[in-house]
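Q: Could you take a close look at the charged and nonpolar side chains on the outside of this protein, and at how the charged ones pair up? I'd like one connected walk-through.

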Amino acid sequence: MDDPPPRDRVARIQADWRRERPDLDVSPQGVIGRLHRLADRLSGELRLVYDRYGLGEGEFDVLCALRRAGAPFERAPGELAAHTMVTTGAMTKRIDRLERAGLVARRRADDDQRGRIVALTGPGRELIDRAFTDHMHNERRLLDLLTPAEAEALEPLLAAWLGRLEPGP
């Protein structure tokens, strides 16, 4: 009797490798391969909301970092880069696009005339409040594909793994 066919693409790839390279442990692909595929799928699903608001993922991140700062909803560009984990060069390009769209404004820092501050504009705050609300509904929709128990078990596992890979805050 033949074995049943593997249940997903990653399992089929693992089966092929087990056949071709029985000397290697390919079990890590079961987790890493599925996480990689899941990350790609989730990114596509999240971009649906960003696109609806005319934002890229990077612009969305910048607006969120400013909104999370609390009133007066501003941060220095270097601080924004740290809060979004991108280089200052990439941050400058994002800020430029958002400023052209009227969603953020730059000004000189009060305490250092050489320094700059980036602030949400009124339209920027309105946009990110709407976009973030839709984003949270979208994330809920995606997470609801799991049972509550599965989601509850997954979060601490992912947090522990990520904490071992990334440096602290």
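A: Let's start with arginine 41, which is found in helix α2. A quick word on what you're looking at: this is a predicted model, where local features need pLDDT of at least 70, side-chain atom pairs count only at pLDDT 80 or more, and totals for chains, interfaces and linings use all residues. Residues are numbered from 1 along each chain as its sequence is written, and side-chain values use heavy atoms, with hydrogens and water left out. Helices here are DSSP runs (H or I, at least four residues), numbered from the N terminus.

Arginine 41 counts as exposed because its relative accessibility is 59%; the scale is buried under 20% relative accessible area, exposed over 50% and partly exposed in between, with a 1.4 Å probe and protein chains only. The areas themselves come from the Shrake-Rupley method. On the surface, Arg41 gathers with Arg9, Arg12 and Arg37 in a patch of positive charge. Two elements, α1 (9-20) and α2 (28-52), give two or more residues to that positive patch. To be in a patch, a residue needs over 30% relative accessible area and no salt bridge; like charges are joined within 9 Å, and nonpolar side chains (Val, Leu, Ile, Met, Phe, Trp, Tyr) within 5 Å. Lys and Arg count as positive, while His and the chain ends are not counted, and the place of an Arg charge is taken as CZ.

Helix α2 also turns up in the nonpolar patch. That surface patch covers about 890 Å², and its members include Val31, Ile32, Leu35, Leu146, Trp161 and Leu165. Here α2 and α7 (148-165) are the elements that give two or more residues, and α2 gives the most, with five. Leucine 165 lies in helix α7 and counts as exposed, because its relative accessibility is 63%.

Now for the pairs. Side chains of opposite charge can pair when their charged atoms come close. A salt bridge here is a side-chain nitrogen of Lys or Arg within 4 Å of a carboxyl oxygen of Asp or Glu, and the count comes to 14.

In helix α1, arginine 19 and aspartate 16 meet in a salt bridge at 3.2 Å, N to O. They are three residues apart in that helix, so about one helical turn separates them. Arginine 19 is exposed at 55% relative accessibility, whereas aspartate 16 is partly exposed at 39%.

Helix α6 (residues 122-143) has a similar story to tell. Aspartate 129 and arginine 125 form a salt bridge there, at 3.8 Å from N to O, and sit four residues apart, about one turn of the helix. Aspartate 129 is partly exposed at 29%, and so is arginine 125, at 33%. Back in the other group, salt bridges that share partners join Asp16, Arg19 and Glu20 into one network.

Arginine 97 and glutamate 59 also form a salt bridge, with their closest N and O atoms 2.4 Å apart. This pair links distant parts of the chain: arginine 97 is in helix α5 (residues 88-100) and glutamate 59 in helix α3 (residues 57-68), 38 residues apart. Arginine 97 is partly exposed, with a relative accessible area of 39%, but glutamate 59 is buried, at 10%.

Key: Accessible areas come from the Shrake-Rupley method with a 1.4 Å probe; for residues, only the protein chains shown count as cover.
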